[in-house]
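Welcome! Here are some exercises to work through with the structure in view. Try each one yourself before you read its solution.

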Amino acid sequence: MPKSVNTIIERFNDKNIRLTPQRISVYQYLLENRIHPTVDTVYTHLKKSNPSLSKTTIYNTIDALSSAGLIRTIIANEGEARLDAYTDFHGHFFCSKCGMVADFCLDGCSFPDQIEGYEMNTLEVRATGYCPKCRLT
């Protein structure tokens, strides 16, 4: 087995996620394709190699991975849900023209785990504008 699959199996075992080929392939796709895909994109890509795969299986897998904290959903400019398998602290850049989503580093930034009197569940940093391709058109 490739090292990445071994890592996925370890992560699933740590989070008590049942191992299935479908769950492994969804998570592996998200880890290897940092394009912040939609559920439809994941389904379309994986359906090519697994014709019996259903969209319901993809949604159930996304729910399980999200509940375990292995992925997160980010909302793009048009309200479209996009998937991110990297849950470390980073920001997202959203292109206002083509809809592309890119990660950007926030090294050196620190934020409190809690703001006095509040309980913080999530912290998101987002920027919008035009990607290099759209700036030129």
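**Exercise 1.** Where is F89 found? Once you have located F89, classify its exposure and look for its surface partners.

*Solution.* A quick reminder before we begin: this is a predicted model.
- Step 1: Follow the chain to strand 2 and strand 3 (91-95); F89 is found in the loop between them.
- Step 2: The relative accessibility of F89 is 34%. Buried would mean under 20% and exposed over 50%, so F89 counts as partly exposed.
- Step 3: Look at the surface around F89. Together with F111 and L123, F89 forms a nonpolar patch with about 250 Å² of accessible area.

**Exercise 2.** Describe the overall build of the chain.

*Solution.*
- Step 1: Count the elements: there are 5 helices and 5 strands.
- Step 2: Put them in order along the sequence, and the pattern reads α-α-α-α-β-β-β-β-β-α.
- Step 3: Consider the extent of the C-alpha trace, which spans about 45 × 40 × 25 Å along its principal axes.
- Step 4: Ask how much is hidden. Of the 137 residues in the chain, 34% are buried.
- Step 5: Turn to the outside. The chain exposes about 8,900 Å², and carbon and sulfur atoms supply 50% of that area.

**Exercise 3.** Which residues of helix 3 are buried, and what do they pack against?

*Solution.*
- Step 1: Go through residues 39-49, which make up helix 3; the buried ones are V39, V42, Y43 and L46.
- Step 2: Look along the axis. These residues are on the same side of helix 3, because they cover an arc of only 95° around the axis.
- Step 3: Find their neighbours: the buried residues of helix 3 pack against helix 2 (21-32), helix 4 (55-67) and strand 2 (81-84).
- Step 4: Compare with H45, which is also in helix 3. With a relative accessible area of 37%, H45 is partly exposed.
- Step 5: Relate H45 to V26: the two are 19 residues apart in sequence, and their C-alpha atoms are 9.7 Å apart in space.

**Exercise 4.** Check the length of helix 4, then sort some of its residues into buried and exposed.

*Solution.*
- Step 1: Helix 4 has 13 residues, and at 1.5 Å a residue it should span 18 Å. The expected span uses one less than the number of residues.
- Step 2: Compare this with the model: the end C-alpha atoms of helix 4 are 18 Å apart, which agrees.
- Step 3: Pick out the buried residues of helix 4, namely I58, T61, I62 and L65.
- Step 4: Seen down the axis, the buried residues of helix 4 fall within an arc of 100°, so they line one face of the helix.
- Step 5: Turn to the other side of helix 4, where T56 and S67 are exposed.
- Step 6: Continue just past helix 4 to G69, which takes a positive phi of about 80°.

**Exercise 5.** N16 and H36 each have a positive phi of about 55°. Is each one buried or exposed?

*Solution.*
- Step 1: Check the residue type: N16 is not a glycine, and neither is H36.
- Step 2: Locate them. N16 lies in the loop between helix 1 (3-14) and helix 2, while H36 sits in the loop between helix 2 and helix 3.
- Step 3: Apply the cut-offs. N16, at 71% relative accessibility, counts as exposed, whereas H36, at 2%, counts as buried.

Terms used: Residues are numbered from 1 along each chain as its sequence is written. This is a predicted model: local features need pLDDT of at least 70, side-chain atom pairs count only at pLDDT 80 or more; totals for chains, interfaces and linings use all residues. Side-chain values use heavy atoms; hydrogens and water are left out. Buried means under 20% relative accessible area, exposed over 50%, partly exposed in between (1.4 Å probe, protein chains only). Helices (H or I, at least four residues) and strands (E, at least two) are DSSP runs, numbered from the N terminus. The arc is that of the directions from the helix axis to the C-beta atoms. Contact means heavy atoms within 4.5 Å. Patches are made of residues with over 30% relative accessible area and no salt bridge: like charges are joined within 9 Å, nonpolar side chains (Val, Leu, Ile, Met, Phe, Trp, Tyr) within 5 Å. Accessible areas come from the Shrake-Rupley method with a 1.4 Å probe; for residues, only the protein chains shown count as cover. A salt bridge is a side-chain nitrogen of Lys or Arg within 4 Å of a carboxyl oxygen of Asp or Glu.
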